[in-house]
Structure formats: C-alpha cells, structure tokens
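Visitor: I am new to this structure and should be grateful for a close look at a single part of it. Please take me through the enclosed space inside the protein and the parts that belong with it.

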Amino acid sequence: MTAPPSTTEEPASDVRDYRTPESLPRPSGRLTKEDLDPLVKDAGEGNPAAIHSLLQMIEPVVVRYCRARMGGRDLSYLSADDVAQEVCLAVLKALPDYQDRGGSFLYLVHAIAANKVADAYRAVARDRSEPVPELPERPLVAGNEPESHALHLDLGARLGRLLASLPRVQQEILTLRIAVGFSAQETAEALGISPGNVRVTQHRALTRLRGMISDDEF
C-alpha cells in the first residue's frame with residue numbers, strides 16, 4: 001500500500017519509508033488546527049498533493065506515538081510501526097467523510113491511533129500462545145551491547161509500571177508532550193482539552209512521578 005503520489009516526478013513514497021530511522025524528527029510545521037485546516041480541506045476534496053503533504057506531516061508523530069505506547073516491542077505479528085501504518089491508512093480512509101465541527105483534525109488522528117494501539121493489545125490478549133506484556137509508556141532505547149540492552153529493558157519496564165499507575169489522561173499527556181514532542185497547544189487539540197489544562201495536568205503527573213521515585217517505588 002503506497003501513499004498518494006506527489007505532483008513532482010519523484011515516485012510516491014511508501015508508508016513504510018518512515019520505518020527506517022530509529023528516531024524520527026518532528027516535521028518542521030506545526031500541527032495545530034490553524035495550520036492543518038486548509039491542508040485537511042484540500043486533502044478531503046481529493047487533492048493528491050495535499051493528501052501526500054498531510055501524510056508527511058502526521059506520519060512521523062504517529063510513529064512516535066505508537067512506539068511510545070508499545071515500547072518498541074512487537075505484539076505477536078504486530079510491531080509499533082505496523083500499527084502506525086494502519087493508523088495512517090485509517091486517517092486517509094476517514095478524510096473524505098471528515099467534517100470540521102470546530103474541533104481539530106489532530107483529535108481524530110489521536111483517537112484513531114489510541115484505538116489502533118488498544119486493538120493491537122486486544123489481539124494479543126486473544127492469542128493464548130503469547131503472554132500479554134504490560135503496556136509500556138516509553139520507547140526502548142536502541143543499543144547493540146547485550147548489557148546495555150538489558151538495562152534499557154529493565155528501565156523501560158520500571159518506567160512503564162510507574163506511568164501505568166497514573167490516570168489515563170496523565171499518561172496520554174506525558175506521551176504526547178515528551179515522547180511525541182507536541183506543544184501544549186497541539187496536545188490540547190489532540191485530547192480536546194485546553195492548553196492550560198494540559199500544563200496543569202502535566203505538572204501534576206510529573207510531581208506524582210517524582211514522589212513515587214523519592215519514595216523508593218522506582
């Protein structure tokens with residue numbers, strides 16, 4: 001399955017092209033409603049160049065989100081990047097029927113991504129041949145040395161347990177703000193809350209995590 005072609009003579013990029021880098025940078029453009037609305041409108045009307053540009057903007061952050069939520073682990077036959085590809089394809093499929101009712105398109109992207117990650121875990125839960133891991137909240141750090149890799153696995157598992165103790169909205173805010181790299185405004189639009197609420201909730205979440213670590217729960 002390939003992404004829609006651009007208007008240049010270069011061949012269309014496959015969604016999987018973004019799987020190669022270990023760490024994907026944020027796109028240079030913002031993903032707020034103000035910035036996305038014109039592009040989403042053109043893409044929804046079937047403009048190939050707009051569809052391609054929109055995919056290029058959202059795909060890196062979708063991959064970051066899925067990697068953060070799945071911790072870099074493969075779930076049975078699904079990897080975080082496989083799930084990210086499913087998210088992007090679902091977003092493209094939803095474009096023609098998308099209607100702007102005052103919210104942000106980023107809210108739809110986040111909702112699809114969260115549901116796809118949840119579906120991946122439910123699929124593994126139905127597969128009794130493979131135990132279901134806890135949902136980690138941080139991507140694993142790559143390392144070729146066995147000792148370093150083991151330490152990162154242990155650290156990621158402990159961080160996952162800490163973050164899993166937080167309310168869901170706090171988990172989502174930390175994932176979007178820290179792992180994905182969203183601004184407070186982008187996070188607010190993705191979750192359908194105010195930027196002030198994002199900042200306050202993030203502060204409370206980090207304070208709670210610091211408290212758990214200082215209490216030797218880490």
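Guide: What follows is an account of the largest cavity, and then of some elements that complete the picture. Please bear in mind that the model is predicted.

Rolling a probe the size of a water molecule over the atoms shows where empty space is left. In this model, two cavities of 30 Å³ or more are counted. The largest cavity has a volume of about 90 Å³. Its lining consists of Val61, Val62, Tyr65, Leu106, Val109, His110, Ala113, Leu176, Val180, Phe182 and Ala190. By character, these lining residues divide into 10 nonpolar and one polar, with no charged residue.

Three helices each supply at least two residues of this lining: H2 (48-70), H4 (105-126) and H6 (168-180). Of the contributors, H4 gives the most, with four residues.

Ala190, one of the lining residues, also appears among the buried residues of helix H7. H7 covers residues 184-191 and is mostly covered, as seven of its eight residues are buried. Besides Ala190, the buried residues of H7 are Ala184, Glu186, Thr187, Ala188, Glu189 and Leu191. After H7 comes Gly192, with a positive phi near 75°.

Further along the chain lies helix H8, residues 195-214. At 1.5 Å a residue, its 20 residues should span 28 Å, and the end C-alpha atoms are 29 Å apart, which agrees. The buried residues in H8 include Val198, Thr201, Gln202, Ala205, Leu209 and Met212. Because these cover an arc of only 105° around the axis, they lie on the same side of H8. The face turned away from that buried side carries the exposed residues Arg199, His203, Arg204, Arg210 and Ser214.

To return to H4, its range opens with residue 105, and Phe105 takes part in an aromatic pair. A pair of aromatic rings is described by the distance of the centres and the angle of the planes. One aromatic pair is counted in the model. Its partners are Tyr98 and Phe105, in an edge-to-face arrangement with 5.0 Å centre to centre and 85° between the planes. Phe105 has 0% relative accessibility and therefore counts as buried. Tyr98, with a relative accessible area of 23%, is partly exposed.

Terms used: Residues are numbered from 1 along each chain as its sequence is written. This is a predicted model: local features need pLDDT of at least 70, side-chain atom pairs count only at pLDDT 80 or more; totals for chains, interfaces and linings use all residues. Side-chain values use heavy atoms; hydrogens and water are left out. Buried means under 20% relative accessible area, exposed over 50%, partly exposed in between (1.4 Å probe, protein chains only). The expected span of a helix is 1.5 Å times one less than its number of residues. The arc is that of the directions from the helix axis to the C-beta atoms. On a 1 Å grid over the protein atoms alone, a cavity is a set of points where a 1.4 Å probe fits but cannot get out, and a pocket is an open set with protein on both sides within 12 Å along at least five of seven lines; lining residues have an atom within 4 Å of a point. Grid points are joined across faces, edges and corners, and a volume is the space filled by probe spheres set on the points. Ala, Val, Leu, Ile, Met, Phe, Trp, Tyr, Cys and Pro count as nonpolar, Asp, Glu, Lys and Arg as charged, and the others, Gly among them, as polar. Rings of Phe, Tyr and Trp (its six-membered ring) pair if their centres lie within 6.5 Å; planes under 30 degrees apart count as stacked, over 60 as edge-to-face and the rest as tilted.
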